[in-house]
Amino acid sequence: MSAISENGLSVTRLPGFWARFLRIPTAAVGVFMLLVALFFAVFADQIAPADPFSMAAAPLLPPGPDHWMGTDPLGRDILSQVIHGTRVSFGFALGAAALSFVLGAIFGAIPGYFGGMLDHLMSRLLEFFMMIPMLFLVILMTALLGANIYVAAIVVGITIWPANARIIRAQVLSLKKRTYVKAARVAGAGHMKILFGHILPNGIQPLVVNSTLQVGAAILLEASLSFLGLGDPNYISWGQMLRDAQPYLAIRPTFSIFPGLAVGWLVIAVTLVGDGVNAALNRSRS
Amino acid sequence: MGRYILLRLFQIIPTILLIIVFNFVLVRIAPGDPAEIMAGDFATPEVVETIRVKYGLDQPIFTQLVAYLKAVLTGDLGYSFDYNRPVLDVILERIPATLLLVLTAQFVGIALGIGLGTIAARRPGGTFDIGLTATTSLLYSVPVFWLGFVLILFFGIQWKLLPTSNMRTIMGPDSGLPLILDVSSHIVLPAATLALSFILPTFFRISKSSVLEVMDADFITTARAKGLPERLVFRRHALRNALLPSVTMIGLSLGTAVSGALLTETVFSWPGIGRLMLEAIGKRDYPMLMGIFIFTSVSVVIATLLTDLVYRWLDPRVELGGKT
């Protein structure tokens, strides 16, 4: 097995990888937390005790046996809102991170492979994105293009992809000098075939790690956007809940506490998984 | 070094132009009439027409771009019809508050982060290290504004120790030492929020890993071999070298710190740029939004360049060539 994994063929490494991954205690905790969140996200309609959009009881009830997390100023069940928020937050973040993954892979790999003027220009563009304050960029784009959840996810995706592009570019720069790339070229493979068929699959691991961490970043960005009033009113969002909760901080603090804990839970889960994947990959390499 | 500074200065010009062009393109992609967007929600039809003429919005696209670039580069960031004043004037008024908040939080967060990271690196895997690593990861994972809520709950509402909004007491002292004390008590919670959520965890992580890395270096083994006490090895040889990555991080973390300040200001009604931007979002004051974006982006780009120069000065080993 080791002879094959010298080439970085991840397929042969997978069994060892999972064993190594789940043996890291923090990673196992992360997987558990993530599965819980995933369960809530998928079965939100079945699990939530009430309709998150309609009035269930008196407004601003404290946590109690009927409403475990209390009710919001419109008398809606907070627990149900938190559960439905999982789906929105998760979906949003996965979408944004996936877009960032694809953009990063393409626009990191091509300039890195061909080099020259194209690479130079792309480096400048990446520098631009890395330097300007991310939240300001996301706010400006969302405010101008419309506070719609899909638009916002795309905006976040095109704001965070440059980090991925940098990673892939570095990978391509080092991998394109490898013997198997020369072999593929001698065998008559075209540039695109070499780049996306041979180089990219072998250099994708750090991108996978970073994308996991970007899911966490996207969750926080979404929460910040809706907290600032740029959320989509048609969806339940933890950030939006925190925005609604702020004026009642003194009289009903639990309303603010629960949505924030939910954000923290999900971000910690993906961070632990991302760090775990990273550690497991590094260990299997050495 | 002089040549290098010039070279770097030339390199940020395209970045700054890109920021302006980006704004220009965004307004054209956005649904609606560019003139109406650039005028904002408060403008009368006559004003919209003035804007159309001023930026040549009935001209070919290239002429429009030139007109826009010319305006922005001469310091004209547009006119806010909400404030009835030029955008730049309003922004400049709000800058000191934001600067005070960001610099205080940066100073405290960086000092504590590096200090704690260095201590944690002395005994990796120890109770102190594990406790701090877990705490900083938690702080990094919750929204900044939520952390602000929690601090307000305890220090403001529960224990009534500190003020939780604005920068000064209304009708409070307006000069001298009483004013300084008043502002100081107001800044504690927002600065703590900002420092604890981004800055401290970032610098804790960076300084810890760079101390660990340096302690493995050959020159440390040499220093130990020649019989230096461990304390001196650490202070004289390890620490100085381990601090370098943190210095680079100061520049790189600026953008995040300013983004965090935006959210922190919102929670604590701190009268800075972030608060201004929140109001502009609510009122669809687009000229203000775009002005704030250009202003903060350009400021961060310039500040990043400055820290980069400091870094080259501290660590002359870094090549002074054109490579970035």
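What share of the 324 residues in chain B is buried?

1. Let's start with that one: buried residues come to 39% of chain B. Keep in mind as you read that this is a predicted model.

2. For the overall build of chain B, count 12 helices and two strands. Going from the N terminus, the order is α-α-α-α-β-β-α-α-α-α-α-α-α-α. Its C-alpha trace spans about 80 × 55 × 40 Å along the principal axes.

3. Now the contacts inside chain B. Take those with a separation of 6 or more: 71% of them are between residues 24 or more positions apart.

4. Next, have a look at where the chains touch. On one side there are 40 residues of chain B, in contact with 35 residues of chain A. The helices of chain B that each supply at least two residues to its side are H1 (2-29), H6 (127-141), H7 (144-158), H10 (230-268), H11 (273-283) and H12 (286-314). The largest share comes from H12(B), with nine residues. By class, chain B's side has 30 nonpolar residues, 10 polar ones and no charged ones.

5. Finally, a helix pair worth finding in chain A: H5 (residues 78-114) and H10 (residues 191-203). Their axes come within 11 Å and cross at roughly 100 degrees. An angle of 65 to 115 degrees counts as roughly perpendicular, so that is what H5(A) is to H10(A).

6. Who meets whom in that pair? From H5(A) you get Ala105(A), Ala109(A) and Tyr113(A), and they meet Leu195(A), Ile199(A) and Leu200(A) of H10(A). That contact has six nonpolar residues, with no polar and no charged ones.

Methods: Residues are numbered from 1 along each chain as its sequence is written. Chains are lettered from A and ligands numbered from 1 in the order in which they are written. This is a predicted model: local features need pLDDT of at least 70, side-chain atom pairs count only at pLDDT 80 or more; totals for chains, interfaces and linings use all residues. Two residues are in contact if their C-beta atoms, placed from the backbone, lie within 7 Å. Helices (H or I, at least four residues) and strands (E, at least two) are DSSP runs, numbered from the N terminus. Ala, Val, Leu, Ile, Met, Phe, Trp, Tyr, Cys and Pro count as nonpolar, Asp, Glu, Lys and Arg as charged, and the others, Gly among them, as polar. Axes are lines fitted to C-alpha atoms, for helices over the stretch in contact, and angles run from 0 to 180 degrees between N-to-C directions. Angles under 35 degrees count as roughly parallel, over 145 as roughly antiparallel, 65 to 115 as roughly perpendicular and the rest as oblique. A residue is buried if 20 or more other C-beta atoms lie within 10 Å of its own, exposed if 12 or fewer, and partly exposed in between; C-beta atoms are placed from the backbone.
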